[in-house]
Amino acid sequence: MSLGRVLIVEDDFDGAEVLEAYLGRDGFKTRHAADGDQALEYHARWRPDLVLLDIMLPGLSGNEVLTAIRQHSATPIIMVTAVGHEPSRINSLLYGADDYVVKPYNPGEVVARVHAVLRRWRGGGLGQTTLLRHDRLVIDLNAALATIETDGVTQPLELTRTEFSLLSMMMAAPSRMYTRAELLANCLPESDAMERVVDAHLYNLRRKLERAGINGVVLTVRGLGYRFRNPS
């Protein structure tokens with residue numbers, strides 16, 4: 001039985017072949033796209049469960065592919081970047097990536113990241129049926145779904161798995177302040193990302209909430225961390 005479909009977007013054919021072998025050995029089905037245009041075509045037609053996306057690609061860049069996918073899909077995406085490209089990694093997280101790995105990497109580590117991101121995306125430990133509410137914003141922990149209710153009409157709020165985890169964690173305890181380290185440990189436990197990555201994810205989350213008309217709910221506690229605005 002397949003554990004899921006992984007689309008590998010990589011212009012290095014040898015590197016892609018190695019990843020395909022490792023992922024296949026762990027039970028994943030894979031498909032390889034060598035450039036951004038092909039990646040978007042395969043994403044639309046093949047509907048992968050996760051995308052491994054290199055930032056440096058011929059034609060469309062990885063971040064451009066990421067932005068295009070995020071316009072209509074919340075498919076988990078792990079960015080692959082070279083050592084020393086810190087701004088590229090931060091930009092990728094702002095555009096909606098769920099995690100990143102740095103070249104040169106151990107293929108086994110990449111497979112472990114794929115397992116970890118899919119585990120978070122598919123629900124991880126969310127077994128309860130609790131609904132969290134704030135004004136028109138509703139979080140269904142059991143379904144891992146965020147929605148906006150307006151005049152009796154419910155619209156989904158498209159969040160990445162990391163954004164959903166951050167939002168639900170803070171909404172569940174709106175009077176509590178979380179440090180960046182706490183948020184990172186709970187929402188990206190297997191990642192070696194730095195604490196500033198939390199800022200990038202929360203910046204992106206705030207923009208999505210504001211576009212949905214939910215303003216000022218993710219509050220910065222200067223010099224300490226973040227908390228959700230207490231509804232009381």
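**Stop 1: Val197**

Select Val197 to begin: with a relative accessibility of 1%, this residue counts as buried. The model on display is a predicted one. Val197 belongs to helix 8, and that helix covers residues 196–211. Add Asn91 to the selection and draw a distance between the two C-alpha atoms; the separation is 9.9 Å, although these positions lie 106 residues apart along the chain.

**Stop 2: the whole chain**

Zoom out and colour by secondary structure. Eight helices and twelve strands make up the assignment for the chain. Colouring by accessibility next shows that 48% of the 232 residues count as buried. For the surface, the exposed area of the chain comes to about 11,000 Å², with carbon and sulfur atoms supplying 49% of it. A contact map is a useful companion view here: of the contacts between residues at least 6 apart in sequence, 59% join residues at least 24 apart.

**Stop 3: Lys208**

Return to helix 8 and select Lys208, which is found in this helix. Is Lys208 buried or exposed? Its relative accessible area is 12%, and it is therefore classed as buried, the limit being under 20%. What lies around the side chain? A polar atom of the Lys208 side chain is 3.2 Å from the backbone oxygen of Glu158. Beyond its neighbours within four places in sequence, Lys208 is in contact with Leu157, Glu158, Leu159, Thr160 and Glu163.

**Stop 4: Glu163**

Select Glu163 next, in helix 6, residues 161–172. Glu163 has 0% relative accessibility and counts as buried. Show its side chain as sticks and look for two polar contacts. One is made with the side chain of Lys208, at 2.7 Å; another runs from the Glu163 side chain to the backbone nitrogen of Thr160, at 3.0 Å. With residues up to four places away in sequence set aside, Glu163 touches Gly96, Glu158, His201, Asn204, Leu205 and Lys208.

**Stop 5: the nonpolar cores**

In soluble globular proteins, nonpolar side chains tend to be buried together. To view this chain in that light, select Leu53, Leu137, Leu167, Leu183, Leu202 and Leu209: within the largest nonpolar core, which has 48 residues, these touch the most other members. Colouring by domain is informative at this point, since the core takes at least three residues from domain 1 (4–122) and at least three from domain 2 (131–227).

Which residues surround Leu202? Apart from its neighbours within four places in sequence, Leu202 is in contact with Leu166, Met170, Leu183, Val218 and Tyr226. A second core, separate from the largest, contains 17 residues, and Val6, Phe28, Ile78 and Val110 are included in it.

**Stop 6: Asp54**

Finish at Asp54, in strand 3, which spans residues 50–54. An unreviewed UniProt entry lists Asp54 under "modified residue: 4-aspartylphosphate". Asp54 has a relative accessible area of 3% and is buried. Expand the selection to the residues in contact with Asp54, omitting neighbours within four places in sequence: Val9, Glu10, Asp11, Gly62, Val80 and Lys103.

Conventions. Residues numbered from 1 in each chain as written. Predicted model: local features only at pLDDT ≥ 70, side-chain atom pairs only at ≥ 80, totals over all residues. Heavy atoms only, no water. Helix = DSSP H or I, 4+ residues; strand = E, 2+ residues; numbered from the N terminus. Buried < 20%, exposed > 50% of the residue type's maximum accessible area, 1.4 Å probe, protein only. Contact = heavy atoms within 4.5 Å. Areas by Shrake-Rupley, 256 points an atom, 1.4 Å probe, with all protein chains shown as cover. Polar contact = N/O pair within 3.5 Å; in protein donor to acceptor, adjacent residues only side chain to side chain. Core = buried A, V, L, I, M, F, W, Y, C linked by side-chain atoms within 4.5 Å. Domains from an automatic or database assignment. UniProt positions renumbered as here; feature names shortened; annotations may be inferred.
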